[in-house]
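Grab a pencil and work through these exercises with the structure open beside you. Try each task yourself before you read the solution.

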Amino acid sequence: MGATLISGPITDLNVMTRRGRVMHAVERLSVSTASDIKPITETTLILPLDGEVGVTGPATASLGPRDTLLIGPDVAELRLEAARPTTVFVIRIASLG
């Protein structure tokens, strides 16, 4: 069994959690202007795919492509800013019980 990539290499994002104990949701955003994110679960990850993103909230951070920022439950809101349109994944993880 094999496969041929039509347009060259790909990047695959796979999020796995324990069924029945933890749930997750993955949101894909295109950030080109300031965007506010509400980490509404116990754990939130911010992962820019193809560009740099500035993150402001209780602290500030600059994330490059495929860097990941882990946010805990004590953060109410974050602001994402990018100098050019950038794909960002917001991954929310929560316990089920």
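Below are five short exercises on this predicted model, each with a worked solution.

**Exercise 1: Get the overall picture**

Work out how many helices and strands the chain has, and how much of the chain is buried.

*Solution.*
- Step 1: Start with the secondary structure. You should end up with 0 helices and 8 strands.
- Step 2: Follow the elements from the N terminus, and you read β-β-β-β-β-β-β-β.
- Step 3: Now look at the cover. The chain has 97 residues, and 31% of them count as buried.
- Step 4: Check the outline too. The C-alpha atoms fit a box of roughly 45 × 40 × 15 Å along the principal axes.
- Step 5: Finish with the surface. About 6600 Å² is exposed, with 52% of it supplied by carbon and sulfur atoms.

**Exercise 2: Sort the strands into sheets**

Find the strand order in each open sheet, and say which strands sit at the edges.

*Solution.*
- Step 1: Take the sheet that contains strand 1. Its four strands come in the order 1-8-3-6, with antiparallel pairing.
- Step 2: Look for strands that pair on one side only. Here those are strand 1 (22-31) and strand 6 (69-71). From one strand to the next, the twist averages 20°.
- Step 3: Do the same for the sheet with the order 2-7-4-5, which is also an open, antiparallel one.
- Step 4: Its edges are strand 2 (35-37) and strand 5 (60-63). Neighbouring strands in this sheet are turned by 25° on average, if you ignore direction.

**Exercise 3: Trace the partners of strand 3**

Strand 3 is joined by bridges to strand 6 and to strand 8; find how many bridges there are in each case.

*Solution.*
- Step 1: Locate strand 3 at residues 43-48, then count its bridges to strand 6: there are 3. Among the pairs, Thr-44 is matched with Ile-71, and Leu-45 with Leu-70.
- Step 2: Turn to strand 8, where you count 6 bridges. One pair to look for is Leu-47 opposite Phe-89.
- Step 3: Check the cover on strand 3. Of its 6 residues, 5 are buried.
- Step 4: For extra practice, try strand 2, which 3 bridges join to strand 7. Ser-35 stands opposite Leu-80 there.

**Exercise 4: Buried or exposed?**

Decide whether Thr-86 is buried or exposed, and find what surrounds this residue.

*Solution.*
- Step 1: Place Thr-86 in strand 8, which covers residues 86-95.
- Step 2: Compare the value with the cut-off: buried means under 20% relative accessible area. Thr-86 has 1% relative accessibility, so Thr-86 counts as buried.
- Step 3: List some contacts beyond four places in sequence. They include Leu-29, Val-31, Pro-48 and Val-53.
- Step 4: Look for a polar partner. The Thr-86 side chain reaches the backbone oxygen of Arg-84 at 2.8 Å.

**Exercise 5: Explore the core**

Find how many residues make up the largest nonpolar core, and which strands each supply at least two of them.

*Solution.*
- Step 1: Recall a general trend: in soluble globular proteins, nonpolar side chains tend to be buried together.
- Step 2: Count the largest core here, and you get 15 residues. Those with the most contacts inside it include Ile-37, Ile-46 and Val-88.
- Step 3: Note the contributors. Strand 1, strand 4 (53-56), strand 6, strand 7 (78-81) and strand 8 each give at least two core residues.
- Step 4: Zoom in on Val-88. Leaving out residues up to four places away in sequence, Val-88 touches residues including Leu-29, Ile-46, Val-53 and Leu-80.

Methods
Residues numbered from 1 in each chain as written. Predicted model: local features only at pLDDT ≥ 70, side-chain atom pairs only at ≥ 80, totals over all residues. Heavy atoms only, no water. Pairing = 2+ DSSP bridges. Axes fitted to C-alpha atoms, helices over the stretch in contact; angles between N-to-C directions. Buried < 20%, exposed > 50% of the residue type's maximum accessible area, 1.4 Å probe, protein only. Polar contact = N/O pair within 3.5 Å; in protein donor to acceptor, adjacent residues only side chain to side chain. Contact = heavy atoms within 4.5 Å. Core = buried A, V, L, I, M, F, W, Y, C linked by side-chain atoms within 4.5 Å. Areas by Shrake-Rupley, 256 points an atom, 1.4 Å probe, with all protein chains shown as cover.
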